[in-house]
Amino acid sequence: MTAEISPRLAARGRPRTTGAFTCDRCSRAAGKHRASWPEGRICGTCFTAAMRTHGTCPGCGTERMLPGRSASHGDKPVCVDCASITQDYHCSGCGTETEHYRQNTCARCALRNDLTALMHVNEPQSKETTTTKLLAALSTAQRPESILTWLRQTGVRELLERLATEDIHLSHEALDREPSSLRVEHLRSLLVHHNLLPVRDHYLALFERWLASKLDGIDDPEIRRPIESFARWHHLRRIRTISADGKPTQGPVHSAKQEITETIKFLTWLKITHGRTAALCVQADVDAWLADGPTTRHRIRTFFVWAVKNRTCTNIAIGHRQARTIPLLTQGDRLAMLKACLTDNIDTLSYRVAATLLLLYAQPVVKIASMKSTDVIITPNGLRLSLGHGDPAPVPEPFAGLITEHLASRPNLRTGSSSGSPWLFPGYRAGQHLHPNTLMEQLREIGINLRGARNASLRALVNEVPAPLVAEMLGYSYQVTQKHAIATAQPWSRYASVAPVGVN
């Protein structure tokens with residue numbers, strides 16, 4: 001018996017001809033026309049663009065939507081009346097002239113109707129409640145279509161309904177008790193952005209939850225006790241201080257997790273293999289552990305520096321791990337990449353700006369992702385960037401032009417928010433900047449070695465500018481710029497007149 005192939009599968013791969021037409025506005029072939037206007041049949045792409053064109057009609061002088069075209073006005077956008085379009089595009093709910101999302105209703109009214117039914121909101125109430133505040137916040141999103149798309153995801157409607165019925169209390173702690181998911185974190189971002197929840201440090205909160213779970217997994221009290229003291233009194237206290245100072249905590253949290261995890265592994269090995277605890281550990285135990293394993297084992301150094309200082313143990317010394325090689329681009333490769341970012345369309349504008357900040361100013365990707373638009377300063381002498389504690393760094397052309405263009409067209413400004421984002425690189429969640437990992441992945445995709453590029457940029461800068469000034473202008477420590485200055489044979493002694501007090 002020969003198996004029959006379904007008509008739908010058989011049609012795959014063959015050019016579609018049935019219903020195909022050529023758009024009379026863009027002259028491109030399309031599968032189905034979206035509208036028939038006096039000028040001809042319009043494809044979906046041209047229709048959407050027409051519905052989002054607003055301004056003063058050159059025909060009648062009114063301020064309204066300008067979807068049509070008129071030969072008598074130089075083929076400029078005109079209103080439906082001047083273009084003799086008979087369709088009425090006014091929303092039956094709010095009266096706004098715009099594209100209809102559902103029947104004769106615009107996307108904003110459709111969103112409000114859906115949320116009103118979902119969250120069981122009755123007629124306008126005299127007293128504002130949490131539910132009405134949430135409904136108003138979501139309904140005023142700059143792009144309501146994004147919220148409608150989000151509502152179609154699994155579990156989102158249930159989450160909103162439980163929040164509206166107070167099955168989930170409106171607090172960070174209540175959301176923390178929900179199974180971790182992207183929809184919960186997206187909702188949290190929306191609530192924070194619209195001031196329905198207080199702002200909190202996202203990475204600090206994740207670390208606190210991670211630490212509690214990690215400690216619960218340690219059964220042996222002789223292992224748990226020193227780990228808990230180390231994690232809470234060293235790492236957690238330090239990260240809270242960094243957060244209180246308004247500095248990024250993603251890097252410190254990542255490092256703390258690695259050091260705690262590696263220390264747990266070591267103390268577990270020490271107890272199983274030698275029957276000893278942290279207080280009875282000897283130098284030979286540490287040396288044996290470091291000699292036989294991956295380089296990540298060296299992360300236990302911080303624990304022993306803390307333990308010796310707090311007299312948890314004595315006579316344990318672990319030196320700083322020295323990398324065998326230092327990633328470093330040649331200046332030729334760095335300049336070639338810089339030229340491509342400034343002059344070629346190698347990627348979207350936002351990623352080209354981010355790559356240039358790395359290649360020209362040696363900025364770490366984590367710091368680039370968290371930059372604010374206010375870090376770009378307009379002066380009579382041109383643009384400047386606030387990167388460190390010193391004077392803002394000058395921005396040369398053509399990079400100044402790229403930054404100006406990026407500021408005027410930053411992406412992700414309509415992801416559930418009703419106002420602009422303060423971030424130079426807005427993220428996909430309301431009120432948050434682009435995640436550093438997203439930025440790292442994209443820069444690697446266009447062929448940039450992140451550490452190699454940053455090291456090459458620093459060495460180029462300290463070769464031309466006194467290292468202390470580089471440290472202050474770009475936000476680096478004096479030790480880091482000194483190391484690169486020595487590597488490029490530019491010791492600080494050459495700049496004794498500008499070295500900070502206390503630095504030799």
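This passage looks at aromatic pairing and at one helix-helix contact in a predicted model.

Start with the rings. The structure holds 13 aromatic pairs. One of them joins F266 and W269, whose ring centres sit 5.8 Å apart with 35° between the planes, so the pair counts as tilted, the class for angles that are neither under 30 degrees nor over 60. Both residues belong to helix α11, which spans residues 250-274. They are three residues apart there, or about one turn of the helix. Their surroundings differ in accessibility: F266 is buried, at a relative accessible area of 0%, while W269 comes out as partly exposed, at 23%.

The pair is also part of a wider group. F266 and W269 join F230, W289, F303, F304 and W306 in one aromatic cluster. One member of that cluster, W289, has a charged neighbour as well: R297 lies over the face of its ring, 3.7 Å from the ring centre.

Now for the helices. Helix α19 (residues 450-462) packs against helix α21 (residues 478-487), with the axes 9 Å apart and an angle of about 75° between them. That angle falls in the 65 to 115 degree range, so α19 and α21 are roughly perpendicular to each other. On the α19 side, the contact involves N455, L458, R459 and V462. These meet V480, T481, H484, A485 and A487 from α21. Sorted by class, the contact between the two helices is made up of five nonpolar, three polar and one charged residues.

Key. Residues numbered from 1 in each chain as written. Predicted model: local features only at pLDDT ≥ 70, side-chain atom pairs only at ≥ 80, totals over all residues. Heavy atoms only, no water. Phe/Tyr/Trp six-rings, centres within 6.5 Å; stacked < 30°, edge-to-face > 60°. Helix = DSSP H or I, 4+ residues; strand = E, 2+ residues; numbered from the N terminus. Buried < 20%, exposed > 50% of the residue type's maximum accessible area, 1.4 Å probe, protein only. Lys NZ or Arg CZ within 6 Å of the ring centre and 35° of its normal. Axes fitted to C-alpha atoms, helices over the stretch in contact; angles between N-to-C directions. Parallel < 35°, antiparallel > 145°, perpendicular 65-115°, else oblique. Contact = heavy atoms within 4.5 Å. Nonpolar A, V, L, I, M, F, W, Y, C, P; charged D, E, K, R; others polar.
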